Amino acid sequence: MNILPVVYQILMLFIIAAMGLLLRARGVFTDPVIKGVLDHMIHGFGDGVDYTDIANLLLHGGNGQPADRYMSLKDFSSYAIAQERVGEMYRHAENWNYMSLMNIANSGRFASDRSVAEYAQNIWRVKTNFAF
């Protein structure tokens with residue numbers, strides 16, 4: 001069996017990933033929306049507020065933390081798509097209200113209350129008054 005093609009593919013994926021990290025570290029983004037937002041953060045939105053420190057944290061990190069620590073830039077495009085969908089749904093008030101009520105009705109007991117009660121019962125073996 002010739003493993004050279006597999007090794008070549010893995011090497012190419014590694015090179016592509018490394019190039020992406022290098023471009024990201026240098027603040028080079030292919031998404032024009034992200035680039036535009038970062039440019040505005042650095043040069044100003046015209047509101048008199050300085051956002052350079054936030055842009056620098058996203059691009060370069062700080063205080064020993066890596067750049068884009070919470071992956072805001074990485075997740076931006078999927079967030080923007082989801083926000084477009086939410087905006088479209090919100091424009092239809094009756095459907096929005098129905099979905100909101102269904103969400104509330106199906107939420108049940110708050111999840112952390114149930115989780116703590118399950119830990120108490122199953123792991124810590126202590127008695128609680130929580131009803132499942």
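The chain has six helices and zero strands. Helices (H or I, at least four residues) and strands (E, at least two) are DSSP runs, numbered from the N terminus. From that end, the elements run α-α-α-α-α-α. This is a predicted model: local features need pLDDT of at least 70, side-chain atom pairs count only at pLDDT 80 or more, and totals for chains, interfaces and linings use all residues. Residues are numbered from 1 along each chain as its sequence is written, and side-chain values use heavy atoms, with hydrogens and water left out.

**Burial and the core**

Of the 132 residues in the chain, 11% are buried. Buried means under 20% relative accessible area, exposed means over 50%, and partly exposed lies in between (1.4 Å probe, protein chains only).

Look at helix H3, residues 52–60. Its residues Ala 55, Leu 58 and Leu 59 are buried. They share one side of H3, because they cover an arc of only 90° around the axis. That arc is taken from the directions from the helix axis to the C-beta atoms.

The largest nonpolar core has seven residues: Ile 34, Leu 38, Met 41, Ala 55, Leu 58, Leu 59 and Leu 73. Helix H2 (32–43) and H3 each supply at least two residues of this core. A nonpolar core is a set of buried Ala, Val, Leu, Ile, Met, Phe, Trp, Tyr and Cys residues joined through side-chain atoms within 4.5 Å.

Take Leu 59 as one example. Leu 59 sits in helix H3 and has 8% relative accessibility, so it counts as buried. Leu 59 and Leu 38 are 21 residues apart along the chain, and their C-alpha atoms are separated by 8.9 Å.

**A pocket beside H3 residues**

The second largest pocket has a volume of about 170 Å³. On a 1 Å grid over the protein atoms alone, a pocket is an open set of points where a 1.4 Å probe fits, with protein on both sides within 12 Å along at least five of seven lines; lining residues have an atom within 4 Å of a point. Grid points are joined across faces, edges and corners, and the volume is the space filled by probe spheres set on the points.

Its lining includes Leu 57, Leu 58, Gly 61, Asp 68 and Tyr 70. The lining residues divide into five nonpolar, four polar and two charged. Here Ala, Val, Leu, Ile, Met, Phe, Trp, Tyr, Cys and Pro count as nonpolar, Asp, Glu, Lys and Arg as charged, and the others, Gly among them, as polar.

**Backbone turns with positive phi**

Most residues other than glycine have a negative phi. Gly 61, just after H3, takes a positive phi of about 80°. Two residues that are not glycine also appear below.

| Residue | Phi | Place | Relative accessible area |
|---|---|---|---|
| Asp 68 | about 50° | loop between H3 and helix H4 (72–90) | 2%, buried |
| Arg 125 | about 55° | segment after helix H6 (111–122) | 65%, exposed |

**Aromatic pairs**

There are three aromatic pairs. Rings of Phe, Tyr and Trp (its six-membered ring) pair if their centres lie within 6.5 Å; planes under 30 degrees apart count as stacked, over 60 as edge-to-face and the rest as tilted.

One of them joins Phe 45 and Tyr 51, edge-to-face, at 5.3 Å centre to centre and 90° between the planes. Phe 45 is partly exposed at 43%, and Tyr 51 is partly exposed at 23%.

Tyr 90 and Trp 96 have ring centres 5.1 Å apart and planes at 85°, so this pair is edge-to-face. Tyr 90 is exposed at 55%, while Trp 96 is partly exposed at 25%.
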